[in-house]
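Hi everyone, thanks for making time this morning. I'd like to walk you through one model, so please have a look at it with me.

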Amino acid sequence: MEKMWWPLRLIASTVRDTFLNWHLGQGSFDIQRLTGLILTGYLVMHIGIISTGLAIWGGAETFNGVMEAMHNRVILVMEILLILCVVFHMLNGLRITVVDFFSLSKLQNKMLWWTGVATILLMLYVIWGVLPRFAEMAG
Amino acid sequence: MTRKSGLWPWFGQRATGLFLAFGLLVHVIKIHVIDKEVDFGVVAGKLTSPGWVFFDFLLLAACIYHGFNGVWSIYLDSDPEGRERVVWSYIAFVFGAALLVYGSMALGAYAKAIPEFRFALGPRWGGG
């Protein structure tokens, strides 16, 4: 374990902690980290693509062409999954912040359930909102 | 091995997190609910407004700090060796700073059309 490459060592210790001592807080910790990594990866891509389009190519034709290429169902589903990561990471992060600043550790387990319910409700709203767009798109 | 440090990164992560909870909501609602179609004219048009350029810059800086600080804290959990840790800290810092500059280039590209901004930049950019 000590001699492993650090990303592998991290994954191994996370898996060990998660399954040897399973509780909801450990699960939310893991998911917060996983969604954080996904969102940071997306952030780098997002800034890279938008900035290249606006500042380097600088033309309407190329920019709109790239945007048009993204108008399909596969990308839309990936965007909905991205929103799922954002919504959970945001609500869980707010929970952690509130618990940290107002010494609410007694409430944190209950608040995790509220976080889950709020995530599901917000996602239902998002899916309801994009359904018309999904319907008019080609596969 | 325990290390001194951690209070300011901890506070910064929460401060930027709170700002992003509000800022990302504004960002997504502005683009996907108010503007609806994301095309060049709409995006470039938005960036000729000083308020949006300022807001977008704050959002850009807060996002990069929050993301990189978060990944960094995951890395620290692997308890890296001193020298390796220093090398990675420089790589992460340079990459984050480069991303901030690259993102700002897009924000600045259309700000040239803002009269007050052009004035501040001087005659080279067509201002006074």
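Let's start with Trp8(B). Is this tryptophan buried or exposed? Trp8(B) counts as exposed, because its relative accessible area is 64%, and the cut-off for that word is over 50%. Do keep in mind that we are looking at a predicted model. As for where to find it, Trp8(B) sits in helix 1 of chain B.

Now, which residues make up the nonpolar patch on the surface? Trp8(B) is one of them, along with Leu7(B), Phe11(B) and Leu18(B) from chain B, and Val98(A), Phe101(A) and Phe102(A) from chain A. Taken together, these residues have about 750 Å² of accessible area. Two elements give two or more residues each to this patch: helix 4 of chain A, spanning 73–102, and helix 1 of chain B, spanning 7–34. Helix 1 of chain B has the largest share, with four residues.

Let me zoom out to chain B as a whole. You'll count five helices there and zero strands, so to speak in order from the N terminus, α-α-α-α-α. Of its 128 residues, 31% are buried. If you take the contacts in chain B with a separation of 6 or more, 70% of them join residues 24 or more positions apart. The accessible surface of chain B is about 7,900 Å², and carbon and sulfur atoms hold 72% of that.

On to the interface, which I enjoyed going through. How many residues meet there? On the chain A side 33 residues are in contact with chain B, which contributes 39. Chain A and chain B bury about 2,900 Å² between them, with 72% coming from carbon and sulfur atoms. Within chain A, the residues that lose the most area to chain B are Trp6(A), Arg33(A) and Leu54(A), and together they make up 20% of what that side buries.

Arg33(A) comes back when we turn to the charged groups. Its side chain forms a salt bridge with that of Asp77(B), at 3.0 Å from N to O. Across the interface there are two salt bridges, and seven residue pairs are in polar contact. Which helices of chain A supply at least two residues each to the side touching chain B? They are helix 1 (6–20), helix 2 (24–57), helix 3 (60–69) and helix 4. Helix 2 of chain A gives the most, with 14 residues.

That's my tour, and I'm happy to take your questions.

Note on methods
Residues are numbered from 1 along each chain as its sequence is written. Chains are lettered from A and ligands numbered from 1 in the order in which they are written. This is a predicted model: local features need pLDDT of at least 70, side-chain atom pairs count only at pLDDT 80 or more; totals for chains, interfaces and linings use all residues. Side-chain values use heavy atoms; hydrogens and water are left out. Patches are made of residues with over 30% relative accessible area and no salt bridge: like charges are joined within 9 Å, nonpolar side chains (Val, Leu, Ile, Met, Phe, Trp, Tyr) within 5 Å. Accessible areas come from the Shrake-Rupley method with a 1.4 Å probe; for residues, only the protein chains shown count as cover. A salt bridge is a side-chain nitrogen of Lys or Arg within 4 Å of a carboxyl oxygen of Asp or Glu. Buried means under 20% relative accessible area, exposed over 50%, partly exposed in between (1.4 Å probe, protein chains only). Contact means heavy atoms within 4.5 Å. Buried area is the accessible area (1.4 Å probe) that two parts lose on being put together, summed over both. A polar contact is a pair of N or O atoms within 3.5 Å; within protein, one must be able to donate a hydrogen and the other to accept it, and residues adjacent in sequence count only if both atoms are side-chain atoms.
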